[in-house]
Amino acid sequence: MVSLICTLQDHLDDVNCCAFSATLLATCSADKTLRVYSSRDLSELPYSPLSGHGYAVHRCCFSPCGRLLASCSTDATTVLWSTGSGDIEAVLEHPGRSPVRVCAFSPDAEHLVSGASDGTLALWDFRSRKLLRTGAVTDTTMVACSFSPCGRLFVTGSTYGDLRVWNLDMQQLHAEKNAHDLGVTCCHFAPQILRDSGSGAVHFRLATCGQDSLVKIWTLCLLSPAGCKMKLQHALSGQSAPVLSCSFSADGQMLVSGSVDKTVTVYEANQGTLLYTLHQHDRYVTACAFSPMAPLIATGSMDKTVNVWRVEDGCSSRRKSLTDEAAVFPGEDRKLPCHSKLLASDWSEEDVSSWLREEGLEALVGVFKENNIDGTELLALSKDSLLDELKIDSVGLRNKVLRKIEELKMASVCTGVPDEFLCPIMHELMKEPVIAADGFSYEREAIESWIRTKSRSSPMTNLPLQTTLLTPNHTLKMAICRWRNSQ
């Protein structure tokens with residue numbers, strides 16, 4: 001059976017990806033952060049969250065040894081983080097500065113590949129952090145990538161619906177056209193290298209999913225001297241809407257997938273038998289991953305939560321449904337603090353004191369009261385003002401306060417705010433909304449910065465903007481003002 005053991009509710013926007021190492025669980029989100037937890041007790045590490053990206057973080061993955069964590073973002077970078085300290089070790093800027101949608105390590109840790117919204121690929125030498133080669137598929141967006149277990153090949157999937165097999169020279173060995181109608185969303189190789197007992201040919205299993213609501217399991221066979229072929233083994237239809245993520249277990253025996261229908265399905269991978277359907281998320285399930293060392297599955301969703309499930313020994317092939325009644329272990333359902341008002345800028349001094357207590361900062365209540373810190377003053381605090389004006393000498397305490405204030409700023413604009421009032425780039429409440437040539441409204445500062453650095457492409461469609469002229473959206477600005485006044 002599968003049971004829900006913990007719900008992590010630390011992200012402030014859509015969860016886009018989950019990844020396990022031998023000892024850690026990492027998640028990333030449209031709130032621009034990554035969070036890192038111990039997979040032993042699911043406690044968040046002291047250096048978490050990781051805040052180095054300027055825009056939404058789309059993917060994260062651990063290096064094979066687990067020492068580094070890679071993440072890629074709309075800000076056109078792939079960042080390498082130390083899992084020991086949380087420090088940034090390298091920032092890899094994607095050629096062309098297009099939003100990076102996917103990244104993946106090779107099993108031997110020799111290479112890292114990243115794929116972008118403009119259809120380009122970048123192959124990096126992981127040890128030197130240098131760009132080796134680039135490739136591209138025109139008129140599409142790269143949204144999926146996985147290295148084969150041998151590390152000599154990788155597969156990409158795109159919004160066009162095709163799967164392509166590449167070698168390390170960035171040569172296409174095979175193209176599986178229309179692998180998923182309306183687009184591929186994810187792909188993942190099983191970790192095992194298989195060999196045919198008769199011919200001795202090497203082959204691998206690949207799972208893919210897409211907008212056609214299917215999960216497919218393929219066999220990819222290597223051909224001599226240089227080539228490969230793909231054969232479809234199973235097309236799994238256990239979900240009723242587009243499937244956004246899929247992942248093999250470490251032994252290759254199970255496959256998990258998450259869907260727009262809000263469900264998580266677990267299959268027996270060899271026969272394609274549906275084992276479990278899990279109903280716990282309130283919105284699209286965008287991410288899923290198996291732990292390589294423990295019987296755990298992590299699933300992430302647009303409901304901003306990450307659910308961690310335990311897979312018990314002795315799973316039968318009998319279909320089972322786990323509903324919302326699945327229990328969360330006592331004390332492990334983690335919630336964001338509830339604040340007395342939606343906008344922190346409206347808080348009174350007493351509201352600030354209550355917030356400090358909720359965040360475990362009781363020791364600072366007296367200092368904040370003495371200095372008459374209300375919501376507006378709280379949001380304006382900086383590292384210098386905490387040290388020079390409030391006399392908080394502890395570096396760790398100052399950093400914790402600043403981190404909590406940043407989370408508060410994001411929560412204040414991402415909880416209950418109508419979607420149309422949020423800037424599509426920054427995911428923050430707009431103050432000076434403007435209409436761009438693509439017809440969408442953005443915060444002026446955000447779209448101006450985007451145009452300067454993104455070659456005049458639309459953040460929403462990735463198509464060229466016909467003009468950089470920005471028109472103030474007075475109607476939207478008035479609507480936002482009315483909404484703020486009503487809170």
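Okay, so let's start with two phenylalanines, 105 and 126: both of them are buried. Keep in mind that we're looking at a predicted model here. These two form an aromatic pair, and the geometry is edge-to-face, with 5.0 Å centre to centre and 85° between the planes. What does the pair link? Distant parts of the chain: phenylalanine 105 belongs to strand β9, residues 100–105, while phenylalanine 126 is in the loop between β11 (120–125) and β12 (130–136), and the two are 21 residues apart.

Phenylalanine 126 has another partner worth pointing at. If you look over its ring, you'll find the charged end of arginine 129, 4.8 Å from the ring centre.

Now, how many aromatic pairs does the structure hold? Five. Another of them joins phenylalanine 147 and phenylalanine 154, and that one is tilted, at 5.3 Å centre to centre with 55° between the planes. Are these two buried or exposed? Both phenylalanine 147 and phenylalanine 154 are buried. There's also a tryptophan involved: ring pairs tie Phe147, Phe154 and Trp166 together as a cluster.

Right, on to the cores. Nonpolar side chains tend to be buried together in soluble globular proteins. In our model, the largest nonpolar core has 21 residues, and the members touching the most others are Phe421, Ile425 and Ile447. The elements giving two or more residues to this core are α6, residues 444–453, and α7, residues 474–486.

Let's zoom in on phenylalanine 421. Which residues does it contact, once we set aside neighbours within four places in sequence? The list for phenylalanine 421 is Glu428, Leu429, Met430, Leu476, Ala479, Ile480 and Trp483. And there's a second core, separate from that one, with 19 residues, including Val352, Leu356, Leu378 and Leu381.

Last stop: a little bit about strands. There's an open sheet of three strands, in the order β2-β3-β4, and the pairing is antiparallel. Why is one side of β2 and of β4 left without a neighbour in the sheet? Well, β2 (15–20) and β4 (34–38) stand at the edges and have a single partner strand each, so one side of each has no neighbour there. Going from one strand to the next, the twist averages 15°.

If you want to see the pairing up close, take β3, residues 24–29: β3 pairs with β4 in the antiparallel sense over five bridges. To find your way along that pairing, look at threonine 27, whose bridge partner in β4 is arginine 35.

Key
Residues numbered from 1 in each chain as written. Predicted model: local features only at pLDDT ≥ 70, side-chain atom pairs only at ≥ 80, totals over all residues. Heavy atoms only, no water. Core = buried A, V, L, I, M, F, W, Y, C linked by side-chain atoms within 4.5 Å. Buried < 20%, exposed > 50% of the residue type's maximum accessible area, 1.4 Å probe, protein only. Helix = DSSP H or I, 4+ residues; strand = E, 2+ residues; numbered from the N terminus. Contact = heavy atoms within 4.5 Å. Phe/Tyr/Trp six-rings, centres within 6.5 Å; stacked < 30°, edge-to-face > 60°. Lys NZ or Arg CZ within 6 Å of the ring centre and 35° of its normal. Pairing = 2+ DSSP bridges. Axes fitted to C-alpha atoms, helices over the stretch in contact; angles between N-to-C directions.
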